[in-house]
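Reader: I would like a close look at one part of this model, the second largest pocket, and then at a few single residues elsewhere in the chain. Please keep it plain.

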Amino acid sequence: MGRIFSRGIISTRGRQADARFASIITKDVTESMSRMILGTGVYAERPYYMEKFYVNLYSVEELCYLLVEKAELLDQEMLRRDLVKWLDEQCGLGQLAHTLYSLLNQDGSASAFAGTVLEYVNLYPPEIVERTEQIIRSNEGLNPYERGKAKADHMLQSGKYNKALEQYHSLLAQIPESDLRLRGSVLYNMGVACARLFMFRQAAEWFEQAYGTDREQESLESYLSALRMCQEEQEYIAYIAEHPEYHDASLRVERKMEHASGQFEGTDENRMLFTLQVFKEEGSSTAGSDVQYYQEIEKLTTALKEQYREYVL
C-alpha cells in the first residue's frame, strides 16, 4: 500500500494496479505533461479542464498521459461530448472526434473510448494500451459505493484532505451496514486524512471505529500510532497497561516509530532543523545577533502555512 502518513507509519487503503500505473499527485501530472512534445493535432488555445484531476489539458498527448497514468480512476464519467467537441474544435482532430461521437451514440464503454484515443495518437506501445483498457474495464464493474471511494481515495492521495473527508462522510451514510469491508476501509482512510492534517485525536477516533468494524490489525496499529502522537507519554503508557490485549500491537507500533525516526534523520527536513539550530547557536555566541535564525524561521513557517492551505482548501 502506498505510504501517505507523514511518518511512514499509517498507510491508506485502496485498489491497486501495478506500479507503472499507480496513482500520482496532481503536481507530478502537471510537470510531466509540461515536458511532452506535441505530435498529433494542434495545441489548444482554450484548455479542457479535467475537474476530477484538477488539471487543464492543452493537447491530446496530455489526455493520453492521463488515460494511462490515471486508468484506475476512470469510468463512464469520462464519456463526455464536451471532451470530444474540444478534441475536434481545439485540437483539430475531426477524424478522431467523429469516431468518438459514433462510440458515444452507440453507448460505448469507457475502456473502448480510452483505447480509441490511445490507438489513434499512438503515443504508447500496444501492451500499455491493452493494460490501460483492462484497468478501466475493471472499474466498470465497481458498484457506486466503490466508485465513490475510488474518487475519495484519489483526493486523499492528491493532498485534498478536507475534500476527501467530505466524500468519505457522504459515503458512510450510503454504504450498507452489512458491507463491513468497505465501511472499515472508508473509516480507516478518514483516519489517514485526519492524520495528514495533524489531527491525531480525530484520527485515533476513526481508526478505532475502523478496527471495531473490520478487526484488521492495521487498523489497530494505526489507532495506537495516532494515540501515541496525541497523548502524553505517561498517559499512553497507562492506556496500554489498562488494555493488555493491545500489548503486542503496541510493541509493533514502537518498532515502526523507531524505524520512522531513523528514516527521518536522513531527510532534508532534519538537515534543515539542524541548520536552524546552528544559526541559533551562532547568533547566541555573537553578541546575541540571531537575526538569521528568525529570518529562516519566518521562511519556514510561511512555507508550512501555504502547504497547509493547499491541504485544507
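Author: What follows describes the pocket, then three residues. The model is a predicted one.

The second largest pocket has a volume of about 470 Å³. Its lining is made up of 20 residues, and those nearest the centre are M50, E51, K52, E77 and R80. Three elements each give two or more residues to this lining: strand β1 (48–50), helix α3 (81–89) and helix α7 (144–157). By type, the lining residues divide into eleven nonpolar, eight charged and one polar.

Next comes a residue with a polar contact. E61 is part of helix α2, which covers residues 60–69. The relative accessibility of E61 is 3%, and because buried means under 20%, E61 counts as buried. A polar atom of the E61 side chain lies 2.7 Å from the backbone nitrogen of T40.

The last two residues are grouped by their backbone angle. Y54 is not a glycine, yet its phi is positive, near 60°. Y54 sits in the loop between β1 and β2, the latter being residues 55–57. With a relative accessible area of 23%, Y54 is partly exposed. R215 is likewise not a glycine and has a positive phi, of about 55°. The place of R215 is the loop between α10 (200–214) and α11 (217–230). R215 has 52% relative accessibility, and so counts as exposed, since exposed means over 50%.

Technical notes. Residues numbered from 1 in each chain as written. Predicted model: local features only at pLDDT ≥ 70, side-chain atom pairs only at ≥ 80, totals over all residues. Heavy atoms only, no water. Helix = DSSP H or I, 4+ residues; strand = E, 2+ residues; numbered from the N terminus. Buried < 20%, exposed > 50% of the residue type's maximum accessible area, 1.4 Å probe, protein only. Polar contact = N/O pair within 3.5 Å; in protein donor to acceptor, adjacent residues only side chain to side chain. 1 Å grid on protein atoms, 1.4 Å probe; cavity = no way out; pocket = protein on both sides within 12 Å on 5 of 7 lines; lining within 4 Å. Points joined across faces, edges and corners; volume = space filled by probe spheres on them. Nonpolar A, V, L, I, M, F, W, Y, C, P; charged D, E, K, R; others polar.
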